[in-house]
Amino acid sequence: PVKPLSAEPSGTRVVVWDGEKANSFGGWANPPTSSYAPIAGDAHSGTNALEFKFNDENIWVGCGFHWLGWKTGTDIGTDVRGMTHLTFWIKAKGVTGDLDAQLLCNGDVLDTPEHHTAKVQIAKYCPKFRDGQWHEVAIPLADLTQPEGFDPRIVSQLDLGFMPEGRVKGSFLIDDIAFESRAVKKG
C-alpha cells in the first residue's frame with residue numbers, strides 16, 4: 001500500500017521523499033550502466049537519500065522517481081496547483097554532466113510526451129551543484145512550462161537526466177524532495 005504523503009499544517013509544503021517518513025517510491029534508471037536506489041549513510045537530512053549512479057559515455061543517462069508507485073488512472077497524484085516551487089537537495093560525486101529535471105503527471109497512459117513538463121537545467125537554479133557538497137535546488141513551477149495534457153492535480157514523478165560528452169562516472173544523491181509555496185523572486 002502507498003503511504004499517504006505528509007503535508008505541514010500550514011499547507012505550504014508537501015514532502016514526497018525525505019528518506020524517513022515519506023519514503024514510498026518506485027523508479028527506473030537508463031541505460032543498463034546506471035542504477036537508482038535508496039542509500040543509507042550520506043543523506044542531506046535523516047538517514048537515507050536516493051542515489052543515481054552512472055558509468056558510461058556519449059549516451060543519455062537518466063532516472064525517474066515515482067513516489068506513488070506505478071499506477072494508472074486520473075485520481076492518483078499530488079496536487080501542486082497551490083504550490084510555487086519544486087525543491088530538493090542534491091550532491092554530486094565524480095565526473096558528471098549538466099543535469100536537467102522535469103515532472104510527469106499520472107494519467108491513463110504513463111511516459112507519453114503530453115504528460116511531461118518541459119525540461120529545465122538544474123544549473124540555472126543552483127550553479128554550484130557539482131561541487132561535491134549538498135545544495136538546495138528550488139525550481140519555480142512556472143518555469144516548468146506545462147504542455148497540453150499535463151495535469152498539475154496528479155503529479156507523480158520527477159525525472160532527472162543528462163547527455164554527456166565523453167565518459168561520466170559518478171553519482172547524484174537526491175534528498176528531501178518537496179513542493180512548496182515560496183515567494184517568487186522578481187527579475
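## Exercises on a predicted all-strand model

Leaving out neighbours within four places in sequence, serine 34 is in contact with Ala29, Phe52, Lys53, Phe54 and Val61. Keep in mind that the model is predicted. Let's work through it together.

### Exercise 1: Place serine 34

Task: Find which strand holds serine 34, and decide whether serine 34 counts as buried or exposed.

Solution.
- Step 1. Look along the sequence: serine 34 belongs to strand 4, which covers residues 34–40.
- Step 2. Take its relative accessibility, which is 11%.
- Step 3. Compare that value with the cut-off: buried means under 20%. Serine 34 therefore counts as buried.
- Step 4. Go back to the contacts of serine 34: Phe52 and Phe54 are among them. Both of these phenylalanines also belong to one aromatic cluster, together with Phe129, Phe162 and Phe172.

### Exercise 2: Take stock of the whole protein

Task: Work out how many helices and strands the protein has, and what percentage of its residues count as buried.

Solution.
- Step 1. Count the elements: there are 0 helices and 12 strands.
- Step 2. Turn to burial: 50% of the 187 residues count as buried.
- Step 3. Look at the surface, where the protein exposes about 9000 Å², with carbon and sulfur atoms supplying 52% of it.
- Step 4. Check how far apart in sequence the contacting residues are. Among contacts with a separation of 6 or more, 77% join residues 24 or more positions apart.

### Exercise 3: Explore the core

Task: Find which residues have the most contacts inside the largest nonpolar core, and which strand gives the largest share of this core.

Solution.
- Step 1. Start with the general idea: in soluble globular proteins, nonpolar side chains tend to be buried together.
- Step 2. Here, the largest nonpolar core has 43 residues, and Leu86, Phe88, Phe172, Ile177 and Phe179 have the most contacts inside it.
- Step 3. Ask which strands contribute: those that each supply at least two residues include strand 7 (85–95), strand 10 (135–140) and strand 12 (167–180). The largest share, 5 residues, comes from strand 12.
- Step 4. Zoom in on leucine 86. Beyond its neighbours within four places in sequence, its contacts include Val137, Ala138 and Ile139, as well as Ile177, Ala178 and Phe179.
- Step 5. Now see how the strands are joined. Strand 7 runs antiparallel to strand 10, with 6 bridges between them, and threonine 87 stands opposite alanine 138. Strand 7 also pairs with strand 12 in the antiparallel sense, over 10 bridges; there, histidine 85 has glutamate 180 as its bridge partner.

### Exercise 4: Read an open sheet

Task: Find the order of the 5 strands in the open sheet, and name its edge strands.

Solution.
- Step 1. Read the order, 3-6-11-8-9, with antiparallel pairing.
- Step 2. Look for strands that pair on one side only: these edge strands are strand 3 (26–30) and strand 9 (120–121).
- Step 3. Check one pairing inside the sheet: 6 bridges join strand 6 to strand 11, and glycine 64 stands opposite aspartate 159.

### Exercise 5: Follow a loop residue

Task: Find where asparagine 58 lies and which residues it touches.

Solution.
- Step 1. Asparagine 58 sits in the loop between strand 5 and strand 6.
- Step 2. Its relative accessibility is 48%, so asparagine 58 counts as partly exposed.
- Step 3. Not counting residues up to four places away in sequence, asparagine 58 touches Met163, Pro164, Glu165 and Gly166.
- Step 4. Compare sequence with space: asparagine 58 and methionine 163 are 105 residues apart in sequence, yet 6.8 Å apart from C-alpha to C-alpha.
- Step 5. Finish with a polar atom of the asparagine 58 side chain, which lies 2.6 Å from the backbone nitrogen of glycine 166.

How values were computed
Residues are numbered from 1 along each chain as its sequence is written. This is a predicted model: local features need pLDDT of at least 70, side-chain atom pairs count only at pLDDT 80 or more; totals for chains, interfaces and linings use all residues. Side-chain values use heavy atoms; hydrogens and water are left out. A nonpolar core is a set of buried Ala, Val, Leu, Ile, Met, Phe, Trp, Tyr and Cys residues joined through side-chain atoms within 4.5 Å. Buried means under 20% relative accessible area, exposed over 50%, partly exposed in between (1.4 Å probe, protein chains only). Helices (H or I, at least four residues) and strands (E, at least two) are DSSP runs, numbered from the N terminus. Contact means heavy atoms within 4.5 Å. Two strands pair if DSSP finds at least two bridges between them. Accessible areas come from the Shrake-Rupley method with a 1.4 Å probe; for residues, only the protein chains shown count as cover. Rings of Phe, Tyr and Trp (its six-membered ring) pair if their centres lie within 6.5 Å; planes under 30 degrees apart count as stacked, over 60 as edge-to-face and the rest as tilted. A polar contact is a pair of N or O atoms within 3.5 Å; within protein, one must be able to donate a hydrogen and the other to accept it, and residues adjacent in sequence count only if both atoms are side-chain atoms.
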